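Thanks for coming, everyone. I would like to walk through one chain today, going from its overall form to its interior, and I will ask you to keep the display in view while I talk.

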Amino acid sequence: MSSQQMQGLKKHYEIEKELAVRLRESSREERKTLYVSLYDEFNRRVPIYTEAIGEQDAQVASVMASPQWRFLRRFLRQDTVFLEVGAGTCATSLAAARVVQKVYALEVSAEVTRQVRVPEHFELILFDGFSLPVPDGCITVAYSDQVMEHIHPDDAREQLANIHRALAGGGSYICITPNRLNGPHDISRHFDAVATGFHLKEYTNADLSALMKRAGFSKVRAYTGVPARYVRFPLVVLKLQEAVLSRLPQGLRRMLARLTLSWCVRLVGVKG
């Protein structure tokens with residue numbers, strides 16, 4: 001890495017850490033507006049994401065060629081009502097709109113959504129980061145990818161409970177988030193031993209499945225594997241593996257976790 005690239009990373013890190021501290025130290029009342037204002041501020045001060053936004057059809061095509069889409073696609077049907085929490089540029093939600101009945105795409109940042117063009121059966125909603133302004137019991141498949149780690153730990157259970165409320169009976173919530181044991185996974189990985197940027201809390205399979213259960217999900221299923229082929233895997237085995245790794249010294253734990261665990265937690269909670 002060149003010195004110029006390193007300087008760019010350091011600037012990104014310092015800005016993200018500064019904003020993350022404000023979010024970590026905020027009250028619940030402050031966070032009703034803070035998720036929105038801080039992420040918009042970040043995207044103005046570090047425009048790497050907004051500048052990288054390409055033509056919409058190209059974004060959607062890229063999503064539909066990805067392993068993540070192949071994993072998500074198995075849960076979608078023509079009669080699916082789909083919700084994406086933390087939709088970003090909405091590329092995944094726009095891909096889903098091609099195969100499902102209805103799409104709700106929720107995002108906190110107006111900066112990354114300002115150029116999005118949506119079809120008729122698609123609702124793009126700017127939200128506060130944890131409440132979900134959709135009708136109760138209307139969603140059949142909810143989805144988030146690299147979002148849960150950005151939610152303040154005090155808001156995580158509330159958000160999961162709100163997703164559970166929004167789901168119809170038998171509906172599923174697909175949650176993909178970095179695994180804490182082989183992290184950190186945000187910009188602070190270049191500088192710190194634990195996440196100090198916008199990853200306010202990184203989770204393990206054990207952490208997140210317990211939260212899902214407390215939020216009301218009757219079943220929690222785990223998936224793992226290589227990107228081209230994610231398969232259902234016994235959650236109890238992953239939790240046992242994480243428990244063993246958690247007892248090791250940090251350096252050894254991270255090294256072994258990167259060799260033996262998927263980089264992300266990939267859980268599907270089912271509403272009974």
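I will begin with the overall form, then turn to the surface and the charges, and finish with the nonpolar cores.

Please bear in mind throughout that this is a predicted model. The chain contains 11 helices and eight strands. Its radius of gyration is 18 Å, close to the 19 Å that the globule rule gives for 272 residues, so the chain is as compact as a globular protein of that length. If you lay the C-alpha trace along its principal axes, the spans come to about 50 × 45 × 40 Å. Among contacts between residues at least 6 apart in sequence, 69% join residues that are at least 24 apart.

As for the surface, the chain exposes about 12600 Å², and 54% of that is supplied by carbon and sulfur atoms, while 51% of the 272 residues count as buried. On the charges, there are 36 positive and 29 negative side chains, and the centres of these two sets lie 9 Å apart.

Now to the interior: which residues have the most contacts inside the largest nonpolar core? That core has 47 residues, and the ones in question are L83, V134, I139 and Y173. Helix α2, residues 28-45, contributes the largest share of this core, with five residues. Apart from this core lies another, of 29 residues, which includes V60, V100, V103 and I174.

To look at one member more carefully, V134 touches L83, Y104, L106, I125, I139, R165 and A166, if we leave out residues up to four places away in sequence.

How values were computed:
Residues are numbered from 1 along each chain as its sequence is written. This is a predicted model: local features need pLDDT of at least 70, side-chain atom pairs count only at pLDDT 80 or more; totals for chains, interfaces and linings use all residues. Side-chain values use heavy atoms; hydrogens and water are left out. Helices (H or I, at least four residues) and strands (E, at least two) are DSSP runs, numbered from the N terminus. The radius of gyration is taken over C-alpha atoms; the globule rule is 2.2 Å times the number of residues to the power 0.38. Buried means under 20% relative accessible area, exposed over 50%, partly exposed in between (1.4 Å probe, protein chains only). Contact means heavy atoms within 4.5 Å. Accessible areas come from the Shrake-Rupley method with a 1.4 Å probe; for residues, only the protein chains shown count as cover. Lys and Arg count as positive and Asp and Glu as negative; His and the chain ends are not counted. The place of a charge is taken as NZ of Lys, CZ of Arg, CG of Asp or CD of Glu. A nonpolar core is a set of buried Ala, Val, Leu, Ile, Met, Phe, Trp, Tyr and Cys residues joined through side-chain atoms within 4.5 Å.
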